[in-house]
Every structure is written in C-alpha cells, then in structure tokens.
Amino acid sequence: MMKDGDPFAYPPRGLTREEAARYVGIGVTKFDELVAERRMPRPKRVGGRVVWDRYQLDAYFTDLPDQKSGLEGQLEASGKRRN
C-alpha cells in the first residue's frame with residue numbers, strides 16, 4: 001500500500017514515545033521508567049522532535065532478561081534449582 005505517494009513499504013526508523021512503547025509491547029508509563037533506568041535507550045532530537053531509534057530499541061530489548069519458566073522460578077525460590 002502506498003502512503004502519501006511513497007512507493008516504499010517500510011517502518012519508520014524514528015519513533016515517537018508512544019510508538020516506541022507500543023513497538024516493544026509496553027505502556028508509555030513503563031517505557032518511561034525503563035528509559036529512566038537506562039534499560040531502554042534515550043531519545044534523539046531531530047529538529048524540534050524527540051524520537052527513539054528503532055534499531056536501538058531492538059538492541060536494548062534483546063538485552064532485557066528473559067522470563068523464567070514457572071518451574072524454574074519455583075525451584076529457584078525453594079533453593080532446589082540444579083545447575
């Protein structure tokens with residue numbers, strides 16, 4: 001589908017705060033917390049706009065810890081986790 005006469009179909013590289021939060025699958029409040037904690041990237045200023053780099057979001061998202069499975073978490077909590 002062509003948008004505003006643009007023949008290329010590609011996602012934008014720079015995302016607004018709301019778009020960046022949605023891109024990583026969280027709400028803006030949680031996104032703001034992660035930016036403040038430096039667990040998500042800081043934005044870039046492009047003229048008068050503030051945008052997040054989609055590639056940086058991908059890298060920071062990859063670095064977030066994985067969720068433990070239910071059994072893993074239970075074993076770790078009970079001290080019975082095997083290495």
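This report walks through a predicted model of one chain, taking confidence, sheet and helices in turn.

## How far to trust it

Averaged over the chain, pLDDT comes to 87, and 88% of the residues reach at least 70. Helix α2 (residues 28-36) is where confidence peaks, with a mean of 98. At the other end sits helix α4 (residues 70-78), the low point of the chain at a mean of 72. As a general caution, predicted coordinates shouldn't be read in detail where pLDDT is low.

## The sheet

There's an open sheet here, built from three strands in the order β1-β3-β2 with antiparallel pairing. The edge positions go to β1 (14-15) and β2 (44-46); each has a single partner strand, so one side of each has no neighbour in the sheet.

Look at β2 and β3 (residues 49-53) and you'll find them running antiparallel, joined by three bridges. One specific pairing to pick out: V46 has R49 in β3 as its bridge partner.

## A helix across the strands

Helix α3 (residues 54-63) lies across β1, β2 and β3. Its direction makes an angle of about 45° with β3.

## Where α1 meets α2

Helix α1 (residues 17-24) packs against α2 with the axes 9 Å apart and an angle of about 90° between them. That angle makes the two helices roughly perpendicular.

On the α1 side, the contact involves R17, E18, A20, A21 and V24. Facing them from α2 are V28, F31 and D32. Sorted by type, the residues of this contact come out as five nonpolar and three charged, with no polar ones.

Conventions. Residues are numbered from 1 along each chain as its sequence is written. This is a predicted model: local features need pLDDT of at least 70, side-chain atom pairs count only at pLDDT 80 or more; totals for chains, interfaces and linings use all residues. Side-chain values use heavy atoms; hydrogens and water are left out. Two strands pair if DSSP finds at least two bridges between them. Helices (H or I, at least four residues) and strands (E, at least two) are DSSP runs, numbered from the N terminus. Contact means heavy atoms within 4.5 Å. Axes are lines fitted to C-alpha atoms, for helices over the stretch in contact, and angles run from 0 to 180 degrees between N-to-C directions. pLDDT is the predictor's confidence in each residue, from 0 to 100. Angles under 35 degrees count as roughly parallel, over 145 as roughly antiparallel, 65 to 115 as roughly perpendicular and the rest as oblique. Ala, Val, Leu, Ile, Met, Phe, Trp, Tyr, Cys and Pro count as nonpolar, Asp, Glu, Lys and Arg as charged, and the others, Gly among them, as polar.
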